[in-house]
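User: I've got a model open on my screen and I'd like to work through it with you. Can we take it one question at a time?

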Protein chains: 2
Amino acid sequence: METSTTLIASAYERLRADVLSGRLAPGQKLGIESLRGQYDTGATPVREALNRLAAEGWVLHLEQRGFAVAPVSEDALRELAQTRIWVETLALRKSMELKQPAWEESVVVALHRLSKTTRSLSSTRYNENPEWEKLHRALHMALVGNCGSRWLIGFCEQLYDQAYRYRQLAVKRAYKSRNELAEHRAVVDAVVAADPDGACAALEAHYTRTTRIILESGKGLGGG
Amino acid sequence: METSTTLIASAYERLRADVLSGRLAPGQKLGIESLRGQYDTGATPVREALNRLAAEGWVLHLEQRGFAVAPVSEDALRELAQTRIWVETLALRKSMELKQPAWEESVVVALHRLSKTTRSLSSTRYNENPEWEKLHRALHMALVGNCGSRWLIGFCEQLYDQAYRYRQLAVKRAYKSRNELAEHRAVVDAVVAADPDGACAALEAHYTRTTRIILESGKGLGGG
DNA sequence: AATCGATGAAATTTCGAAACTGATATTAAA
DNA sequence: TTTAATATCAGTTTCGAAATTTCATCGATT
């Protein structure tokens, strides 16, 4: 195995990806020994990676009783979705206020790129397309990227990634196809039309719809 | 030293307090060996504490080149202050919308308690009063505590603690006395009067004043 | 004189094992 | 049968040292 970076960095990235993708189930115990064996490293790198993930809220650190994947719940999802609407519409408003052509163009380009990829690699059943996920995140981050506050952008990233995890957990139970491109286009169109209220309303509608679909996909979310 | 908790927890708390208080200067290198000796523990607890602090943004983790206290700058302070105004006025508005008497009372009580302590333990020169700091934080958190989103509250806490660090760094250079109680009372009065715009304006004025004082206290902030 | 490369020292990263803590199973007593 | 105390066990936490990387110094070459 190549070690272009440190072992702790690769353990961190791998663990984080496993939590976000849902491969590690919410509430699942994360024993050091087990992980050490799986990732073929010592206990120290695993342990340090877990500490970083704990500080970021992806895993829980139960003092002297090890680590566990952070739980999920319907209430937590609702709270997350509400927060996302509040914070991201705030960031979008601030981004639009500055009226910078370069930013507007970056949003248009992000939508264009997203429109040229399919969400699922398979047409018969859902099969995650990493390229679509990457471009989707890029579009959402582009929308808030001109707000002028790296703090606010960071918060949006956190919220996006948390929501992504819920999406992944839901998709494992039931994938419901919908016209997401139209929803994204509605936001971008309002941005181009210099209509802040319209853009925020479209973004809110997009998140509300996403949240409802996730909540409908499965009761209890199987978490803790 | 007592070890009621784990060594990593105490190392974490101590390091965090040292960064926030300014005892550890921005940009300062944090050598493992040096800290290991100071805290009288092995390298592992120190290292894990630093990882958590790095994830929270208090220290930088320079891959394979150790850790360093996060730098500060005037621009970063301005960005922080602006973000704080945006996010905390948002949280305050949402807190007020629910119109819960219990919450309103908690805010009034928090102000009352703060009003009965002095900011400085000494009347001739500035000498931090930990009790005042605790109650001050409690008041600000009470103001946003009814917004209904633990995420938003968490963001406010992060921003508050970051701003606290800047205040501490500034106070080391020059302490300018002012009537802070009146500023806080203006916010709480508007809350009680059910005047969201007034409350947010008062809060914004409070932060703007604080930021200006910090910026005036010393050029460059001595960081990096 | 300046650049490049090699050598050595200092520091970080990583490992393997020891020490400690909390949980479980077993036994004895009520 | 239930409760309480004890012993055992698995797993976390911590340590000390080895392996690896970076940084600085010095010398040789252009």
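User: Which helix gives the most to the surface near DNA strand D?

Analyst: Keep in mind that this is a predicted model. Among the elements that each supply at least two residues of that surface are α1 and α3 of chain B. The one that gives the most supplies three residues, and that is α3(B).

User: And which residues sit closest to DNA strand D?

Analyst: Altogether 19 residues surround DNA strand D. By class they divide into six nonpolar, eight polar and five charged. The closest ones come from both chains: A:G66, B:T6, B:L7, B:T41 and B:G42.

User: Now the other DNA strand. Which helix has the largest share of the surface near DNA strand C?

Analyst: Around DNA strand C there are 19 residues, with A:T6, A:L7, A:G42, B:G31 and B:G66 the closest. Elements giving two or more residues here are α1 (7-21) and α3 (43-56) of chain A, plus α2 (32-39) and α3 of chain B. The largest share is three residues, and it comes from α3(A).

User: How do the residues near DNA strand C split by class?

Analyst: Sort the surface near DNA strand C into three bins, nonpolar, polar and charged. The counts come out as six nonpolar, eight polar and five charged.

User: What kind of axis relates the two protein copies?

Analyst: Try laying chain B on chain A: a turn of 180° and a shift of 0.0 Å along the axis does it, with an RMSD of 0.1 Å. So the copies are related as by a two-fold rotation axis.

User: How much of chain B's contact surface recurs in chain A?

Analyst: The contact takes 25 residues from chain B and 25 residues from chain A. The same surface serves both copies. The share of chain B's contact residues that recur in chain A is 100%.

User: Which helix of chain B gives the largest share of the side that touches chain A?

Analyst: Three helices of chain B each supply at least two residues of that side: α3 (43-56), α4 (74-97) and α7 (150-171). The largest share is eight residues, and it belongs to α3(B).

User: Last one: which residue is the bridge partner of B:K29?

Analyst: Chain B has an open sheet of three strands in the order β1-β3-β2, with antiparallel pairing. Its edge strands are β1 (29-30) and β2 (59-61), each pairing on one side only. β1(B) pairs with β3 (residues 67-69) over two bridges. In β3(B), the partner of B:K29 is B:A68.

Notes:
Residues numbered from 1 in each chain as written. Chains lettered and ligands numbered in written order. Predicted model: local features only at pLDDT ≥ 70, side-chain atom pairs only at ≥ 80, totals over all residues. Pairing = 2+ DSSP bridges. Helix = DSSP H or I, 4+ residues; strand = E, 2+ residues; numbered from the N terminus. Contact = placed C-beta atoms within 7 Å. Near = placed C-beta within 6 Å. Nonpolar A, V, L, I, M, F, W, Y, C, P; charged D, E, K, R; others polar. Least-squares fit on C-alpha atoms with pLDDT ≥ 70 in both.
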